[in-house]
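Reader: I'm new to looking at protein models. Could we walk through this one together, a bit at a time?

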Amino acid sequence: MDTAKPDWQARAKVIAIDGRAVIGGKRIASVSGETFACVSPIDGRVLGAVARGAAADIDAAVQSSRKAFDDGRWAKRAPAQRKKVLLAWAEKILAAKEELALLETLDMGKPIRYSLSVDVPSTARCIAWYAEAVDKIYDEIAPTPQSALALITREAMGVIGAVVPWNYPMIMAAWKLGPALAAGNSVVLKPSEKSPLTALRLAELALEAGLPEGVFNVVPGYGHEAGEALALHPMVDAIGFTGSTRVGRKMLEYSGRSNLKRVYNELGGKSAFVVFPDFEDVVRAAKTAAGSMYFNQGESCNAPSRVFVHESIADEFVSVVAAEAPKYQPGDPLDAATEMGAIVDETQLRSVLGYIDAGASEGARIASGGKRSRVESGGYFVEPTVFDGVRNDMKIAREEIFGPVMSVIRFKTEEEAVALANDSLYGLQASVWSHNINRAHRVARALRAGTVHVNQYDEDDITVPFGGFKQSGNGRDKSLHAFDKYTELKTTWIRIDAA
Ligand code: NAD
């Protein structure tokens, strides 16, 4: 058995990058011939050239996916046959785990240990889970009078446009691809221009696993070019979008301006983490808040970025998070010991630093961090930052920062805590910390969020739905509920004549 640890730096120097689109089973350059530079946030170096897909490329991909859907090469296969191919794909993803993990880390800056232990296995598990589910789901027969039979069936919708962000590039794609492909649809995926590399490899692996050509196409490109063209395309039946609330709004507009395609938005968050004094272990609560906030460089839609702490325990809580934060000091993402990596690009780095300045100038106190770090690397790193004395009306408490910045807000009463936690445009996730069983249930019910945790923050599984209330989106990724997004419900009435 080879027990040698991979030398990630050495591999990174020689890794081959193919940035061409995958359309109709082939790697192809963009119609215009244009490319954009894929830059690594680890050191600012150009990893390679990526096809700059635009309307013509999207049209080719959608036509290819439409043809694949209409001729039934995938949609008309028995669910058990689709399962077989998707399981083979999941195996190939696992077999390529080191290559995929390295591409993900180089492309968007997360630590290699997490690309390897979280992103790749979660992606494979998601594909395998929907594969396993699809031949175990039954349709319905309605309780109608004897003179008729009413079948309620689910049918694949057609061509799904998937548009995804850069923070978990493979996992976000898999949350769309798993249910959409298992149900028999074809998919055109537009990855983020900041992290296109793994999506292209996933498509190649799918072909190797036996997914028919055209069923899954990938077109890299910018949002306002390729993304917009996909969302406006009249042959696309639904858009599965994950990204910012700003672009989610545009997705709804594109649908209105084109064919009223279904739009499922999984958008931003500003999640509340509410700690009551009757929670018996303030240290555990504070350590969990820090771990969840700084995971993935704070670039998680569900990061607990607004931490509400009762005034009687706030000083202790802040001193623990301020001591914990430096443990997540960013390091080289290619070092297997690194806990926190690079911010995805220079624009995002500037945005995060701008929020830190805004917090300080509005009067919040920096209890830890607050600066750029590892400047000499040429990459984009920010210290894990804790703000104390934040008010819920400050910019850092209202807007999604999408970086390693925690805001601690003090409260006096349960009523005030719930009102403050719910006073946000977003409603993706929340948590309540209390050992009073009545309070824990009462507050969990009162919090307006798609997922509420009690006395923990990190539980997660493909078996549970994920998505938001309010401007955090609509529809749900993950679990069997995700099939609702990519299937149409049909009622078929059959007359049964009397003998
Ligand atoms: P973004 O909205 O800028 O981009 C997301 C995708 O949309 C990218 O592929 C981008 O190219 C594309 N896009 C951008 N402009 C477009 C346009 N005009 N038309 C069509 N497509 C366009 O978001 P981001 O910066 O990549 O990702 C961060 C956001 O994603 C955060 O708000 C985060 O909370 C959210 N997010 C949500 C979830 C969830 O499940 N709710 C999960 C992960 C990330």
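Author: Sure! Let's start with a term: a residue counts as buried when its relative accessible area is under 20%, as exposed when over 50%, and as partly exposed in between. Keep in mind that this is a predicted model.

Reader: Okay, let me try that on a cysteine. Is Cys126 buried or exposed?

Author: The cut-off for buried is under 20%. Cys126 has a relative accessible area of 0%, so Cys126 is buried.

Reader: And how many disulfides are there?

Author: For a disulfide, two cysteine sulfur atoms have to be within 2.5 Å. Going by that rule, the count is zero. Take Cys126: the nearest cysteine sulfur belongs to Cys301 and is 14 Å away. Seen from Cys301, the nearest one is that of Cys126, again at 14 Å, and the number of disulfides is zero.

Reader: What about Cys301, is it buried or exposed?

Author: Its relative accessible area is 17%. The limit is under 20%, so Cys301 counts as buried.

Reader: Let's move to a helix. What distance separates the end C-alpha atoms of H2?

Author: Helix H2 covers residues 55-70, which makes 16 residues. At 1.5 Å a residue, H2 should span 22 Å. The model agrees with that, because the end C-alpha atoms are apart by 22 Å.

Reader: Which helix do the buried residues of H2 pack against?

Author: H2 has several buried residues, including Ile58, Val62 and Phe69. The buried residues pack against a number of strands, among them E1 (21-23) and E6 (148-156). The helix they pack against is H8.

Reader: Where is His233, and which residue's backbone nitrogen does its side chain reach?

Author: His233 sits in the loop between helix H8 (223-232) and strand E10 (238-242). With 8% relative accessibility, His233 counts as buried. Its contacts beyond four places in sequence include Ile58 and Val62, which are also on the list of buried residues of H2. At 3.0 Å, the side chain of His233 reaches the backbone nitrogen of Met235.

Reader: There's a ligand too! How much of its accessible area does the protein cover?

Author: There are 30 residues around the ligand, and Lys190 and Glu193 are among those that come nearest. A polar side-chain atom of Lys190 is 2.6 Å from a ligand oxygen, and an N or O atom in the side chain of Glu193 is also 2.6 Å from an oxygen atom of the ligand. On its own the ligand has 840 Å² of accessible area, and the share covered by the protein is 92%.

Reader: How far apart in space are Gly298 and Lys92?

Author: Gly298 lies in the loop between helix H10 (282-294) and strand E13 (306-310), and it counts as buried at 2% relative accessibility. Along the sequence, Gly298 and Lys92 are 206 residues apart. In space, C-alpha to C-alpha, the separation is 30 Å.

Reader: Last one: what is the phi of Lys470, roughly?

Author: Most residues other than glycine have a negative phi. Lys470, in strand E22, is not a glycine, yet its phi is positive. Asn455 is another non-glycine with a positive phi, near 60 degrees. For Lys470, the value is about 50 degrees.

Note on methods. Residues numbered from 1 in each chain as written. Predicted model: local features only at pLDDT ≥ 70, side-chain atom pairs only at ≥ 80, totals over all residues. Heavy atoms only, no water. Helix = DSSP H or I, 4+ residues; strand = E, 2+ residues; numbered from the N terminus. Buried < 20%, exposed > 50% of the residue type's maximum accessible area, 1.4 Å probe, protein only. Polar contact = N/O pair within 3.5 Å; in protein donor to acceptor, adjacent residues only side chain to side chain. Contact = heavy atoms within 4.5 Å. Expected span 1.5 Å × (residues − 1). Near = heavy atom within 4 Å. Areas by Shrake-Rupley, 256 points an atom, 1.4 Å probe, with all protein chains shown as cover.
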